[in-house]
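Me: I'd like a close look at one part of this, and then a walk outward from there. Can you talk me through it in one go?

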Amino acid sequence: IPRPQGSVPSSNQDRMQAHLERGASGRVHRSSGRVHRSLAVPCFAVSTISQADSAVSISSELLVPSQPATNIRLPSTHLESSMRALEQLKESSVNRYAAQKKSSIISIGLTIHNAPVELREKLAVPEAEWPRAIEELCSYPHIEEAAVLSTCNRMELYVVAVSWHRGVREVEDWLSRSSGIPLEELRPYLFLLRDRDATQHIMRVSGGLDSLVMGEGQILAQVRQVYKVGQNAPGFGRSLNGLFKQALTAGKRVRAETSISTGSVSVSSAAVELGQLKLPTHVWDDAKVCIIGAGKMSTLLVKHLLSKGCKEVTILNRSLPRAEALALDFPDMKFNIRLMPDLMECVEESDVIFAASGSEELLILKSDVENMSQRSDKVGGARRFIDISVPRNVAPDLNTLGGRAIVYNVDDLKEVVAGNKEARAQAAEEAEVLIKEEQRNFESWRDSLETVPTIKALRAKAESVRASEWEKAVGKLGEGLSKKQLKAVEELSKSIVNKLLHGPMTALRCDGTDPEQVEQTLDNMAALERMFQLSQVSLSLEESAI
């Protein structure tokens, strides 16, 4: 990677030289509503994330030198003295919490917008495997927290990483290992978002703004399930817990305060519309319909088929109770309930077959269908398979049977929902405003967590001083006091300390809902750390904990 010309000194001595020319004064950077205090020393960062920059979204903050380096050199004695002074400055006055790089929230994955179903199904993670995936991701050295959102339209990972670049590499390694796809083939399809972009993305996802069908409600339930599963997964830590909780709030507000979900269609309803569109007569009464599976997607399929005039449907499932429960919810629909061993017999009798099961394997192969009888001219002589499962349940090579079988998958639903986004453009603009509000609330809450180490350090220092002075006082008083009197004096010392700390502690606490209050709290934190030299106290606490 070529070095930026005139921006990065070529040696440590040159770096020190450039630093001296700029001065070693502290400087405050404000970005994304956060306060970062650091020395004005040259710093640069290089991003080497993807070989396909166009397929990757990156949001990062780079500190660059304020002036180019020159060729002026100072005597070595001056440099040595300045180096010592710089080290003392670092030890004494630098706010170690603000200067220390905060862990990054990273979102990486692929969606129906940028990756074909053939790829998405290889990376799909069943809900039952989410805790295992979280555990595996958190076993990497730079990943602290992890969450998995895997649906028919997207497979997204959210992680909190102590190192942005290393964390991304570790997630990429996990994706490649778990899917068996070489990283070079995977990278062009991945999206990559960091911090504010990542938090905005999950809130847009929860609000239905990133869905194939804008405003669809099923994604909110899926985000809620990520949060629910995370409650029993150790790797779903405080930051992601707060993020997904805020995302759920954003999703609820979008649907309650805008019209984005009014008359909205889901993947299931789009599949029903696609099927009706492809029938020559566009009438469901002319076709025999079969649904594979009896879960949530199948329930929605039945609901929308009934609304479009379909009166009879065959349901295939592994067990009877679930299929029978589905039938009870729709008394106006005639159900023929069959078990999976009858799959091929039902397929041969049907004109339109919807696949919506949770199977991770293909259920219908080309060899199963090629010898089946041709359907009537009323339905165009072809069986139509609409596969909305991910991984897919129907082999795509059925399309090579000369028009006797036609297979559609979730990617083909774009034809039906193309006009949906235009109709909801105004509602989407209103939703974006709400999402920004919830994003600010989350960022304020996360910033407020920075004061926790300072509160602990301040209390520890106060207790250390109190205990030390108490021991000295006891030594001077001798053995003339009773245990009751000694206890009274000790309680007096604790009470004085607590009353003195009440004001500073109050200045360090905020609920994170008001960004201005958070910023004031961070300023208070920096002032207290300087006044009480809390960085040294925190180092001692960390060493004692090891």
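Pro-391 is found in the loop between S11 and S12. What kind of peptide bond joins Val-390 and Pro-391, and how do S11 and S12 pair?

Reply: Keep in mind that this is a predicted model. The bond from Val-390 to Pro-391 is a cis peptide, with omega at about 5 degrees. The loop holding Pro-391 runs between S11 and S12, and those two strands, S11 covering residues 383-387, pair in the parallel sense over five bridges. If you want one pair to click on, Ile-386 has Tyr-408 in S12 as its bridge partner.

Now zoom out to the sheet. S11 and S12 belong to an open sheet of six strands with parallel pairing, in the order S9-S8-S7-S10-S11-S12. The edges are S9 (334-339) and S12 (405-409); each has a single partner strand, so one side of each is left without a neighbour in the sheet. Going from one strand to the next, the twist averages 20 degrees.

Helices pack on this sheet too. H12 (residues 296-307) touches S7 (289-292), S8 (312-317), S9 and S10 (352-355), and its direction makes about 160 degrees with that of S7. H13 (residues 320-328) touches S8 and S9, with its direction at about 170 degrees to that of S9.

Just before S7 there's another backbone oddity. His-282, in the loop between H11 (267-278) and S7, has a positive phi of about 60 degrees although it isn't a glycine. His-282 has a relative accessible area of 41%, so it counts as partly exposed.

Asp-195 makes a nice contrast. This residue also has a positive phi, near 50 degrees, without being glycine, but Asp-195 sits at 18% relative accessibility and therefore counts as buried, the cut-off being under 20%. Its loop lies between S6 and H8, and both of those elements are worth a look.

Take S6 (residues 191-194) to begin with. In a regular strand, side chains alternate between the two faces of the sheet. Both faces of S6 are covered: Phe-191 and Leu-193 point to one side, Leu-192 and Arg-194 to the other, and all are buried. S6 runs antiparallel to S3 (residues 104-111), joined by four bridges, and Ser-107 stands opposite Leu-193.

On the other side of the loop, H8 (residues 196-206) carries His-201. At a relative accessible area of 10%, His-201 is buried. Its contacts, leaving aside neighbours within four places in sequence, are Ser-107, Arg-154, Glu-156, Tyr-158, Phe-191, Leu-193 and Asp-210. Ser-107 and Leu-193, the facing residues of S3 and S6, are thus both among the contacts of His-201.

There's also a helix pair to look at. Two packed helices are described by the angle between their axes and the distance between the axes. For H9 (residues 218-230) and H10 (residues 238-257), that's about 160 degrees and 10 Å, so they are roughly antiparallel, with a left-handed crossing. From H9, Ile-219, Leu-220, Val-223, Arg-224, Val-226 and Tyr-227 meet a set in H10 that includes Phe-244, Leu-248 and Arg-255. By class, the contact has seven nonpolar, two polar and four charged residues.

For the whole picture, the protein chain has 22 helices and twelve strands, and 47% of its 546 residues count as buried. Of its contacts between residues at least 6 apart in sequence, 73% join residues at least 24 apart.

Terms used: Residues are numbered from 1 along each chain as its sequence is written. This is a predicted model: local features need pLDDT of at least 70, side-chain atom pairs count only at pLDDT 80 or more; totals for chains, interfaces and linings use all residues. Side-chain values use heavy atoms; hydrogens and water are left out. Two strands pair if DSSP finds at least two bridges between them. Axes are lines fitted to C-alpha atoms, for helices over the stretch in contact, and angles run from 0 to 180 degrees between N-to-C directions. Contact means heavy atoms within 4.5 Å. Angles under 35 degrees count as roughly parallel, over 145 as roughly antiparallel, 65 to 115 as roughly perpendicular and the rest as oblique. A crossing is left-handed if the near helix is turned anticlockwise from the far one by less than a right angle, and right-handed if clockwise. Ala, Val, Leu, Ile, Met, Phe, Trp, Tyr, Cys and Pro count as nonpolar, Asp, Glu, Lys and Arg as charged, and the others, Gly among them, as polar. Buried means under 20% relative accessible area, exposed over 50%, partly exposed in between (1.4 Å probe, protein chains only).
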